[in-house]
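New page in the notebook. I want to see how the inside of this protein is put together, so to speak, and I'll jot things down as I look them up.

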Amino acid sequence: MIQHPSPNFNDRLLPIGILVLHYTGMTSGAEAIDWLANPASQVSAHYVVAEDGQVLQMVDEAKRAWHAGRSWWRGVTDINSASIGIEIANPGHEFGYVPFPAAQMDAVHALVADITARHAIKPANVIGHSDIAPTRKEDPGELFDWPRLARAGLAAAPKPCMDPNWTDMGFMAALGRYGYDVRSPREAVIAFQRHHRPARFDGVIDAETRTILRGLLLAEGL
């Protein structure tokens, strides 16, 4: 791990209980690292994982990095204070979104495993930027290998179940209970699908989407 300090941090106000995964959304990893280290940017992350799997630490975990912006998860609005942020080098949807290389995913997997073990972060609280800011963000996106983390017990995995046949209003209530900000319903559904059913994230509340959410609630005991 390479130390590449960013000046963009301050003190936490909450205990760590969330891990947020992002993509950098810039033309190169080097450009993103320079931006995250630039005082003028007013953004940072605790870690950056380069395309080749190299991990850089930019902010000490004890400090509040500035990666989440305006966001909400399970009633927490100061996500920066309650979370650790990992930026994964990828051009993102704006600059030619591409799959995450194997070496990069290997490094992300190892880093997530280490962080969640040390801070006792629950799998359901290992989330993407789009999960906490569904009206603003799409990252890490539909190409990120969430199933790999879920199989390893590092991210949420639904229990097998039947379609609960909720109405759309019932589904939105359940999605809010699970942890999403549902004030913009379609965007919240798209964010949920992008993470948990990436083959189709059209915002339509269908049987598969309902079943996945019900399985996640069962896994959480909610």
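My notes below cover the cores and then one helix.

**Entry 1, the main core.** I'm working from a predicted model. I looked up the largest nonpolar core and found 25 residues in it. The members that touch the most others are Trp 73, Phe 171, Leu 175, Tyr 178, Phe 192 and Leu 213. Next I checked where the core gets its residues: strand 3 (18-23), helix 2 (79-82), helix 6 (168-178), helix 7 (185-196) and helix 8 (207-220) each supply at least two. Helix 6 gives the most, with five residues.

**Entry 2, one residue up close.** I picked Leu 175 and left out residues up to four places away in sequence. Leu 175 touches Tyr 180, Val 182, Ala 188, Val 189, Phe 192 and Leu 213.

**Entry 3, another core.** There is a second, separate core of 24 residues, and I noted Leu 21, Val 49, Phe 100 and Ile 121 among them.

**Entry 4, helix 3.** This helix runs over residues 102-119. Its 18 residues reach 26 Å from first C-alpha to last, close to the 26 Å expected. Which of its residues are buried? I listed Gln 104, Met 105, Ala 107, Val 108, Leu 111, Val 112, Ile 115 and Thr 116. Down the helix axis they fall within an arc of 160 degrees, so they line one face. The face turned away from that buried side carries the exposed Ala 102 and Ala 117.

**Entry 5, neighbours of helix 3.** I looked up what its buried residues pack against: strands 3, 4, 5, 7 and 8, along with helix 5. Just after helix 3, Ala 120 has a positive phi of about 50 degrees.

Note on methods
Residues numbered from 1 in each chain as written. Predicted model: local features only at pLDDT ≥ 70, side-chain atom pairs only at ≥ 80, totals over all residues. Heavy atoms only, no water. Core = buried A, V, L, I, M, F, W, Y, C linked by side-chain atoms within 4.5 Å. Buried < 20%, exposed > 50% of the residue type's maximum accessible area, 1.4 Å probe, protein only. Contact = heavy atoms within 4.5 Å. Expected span 1.5 Å × (residues − 1). Arc of directions from axis to C-beta.
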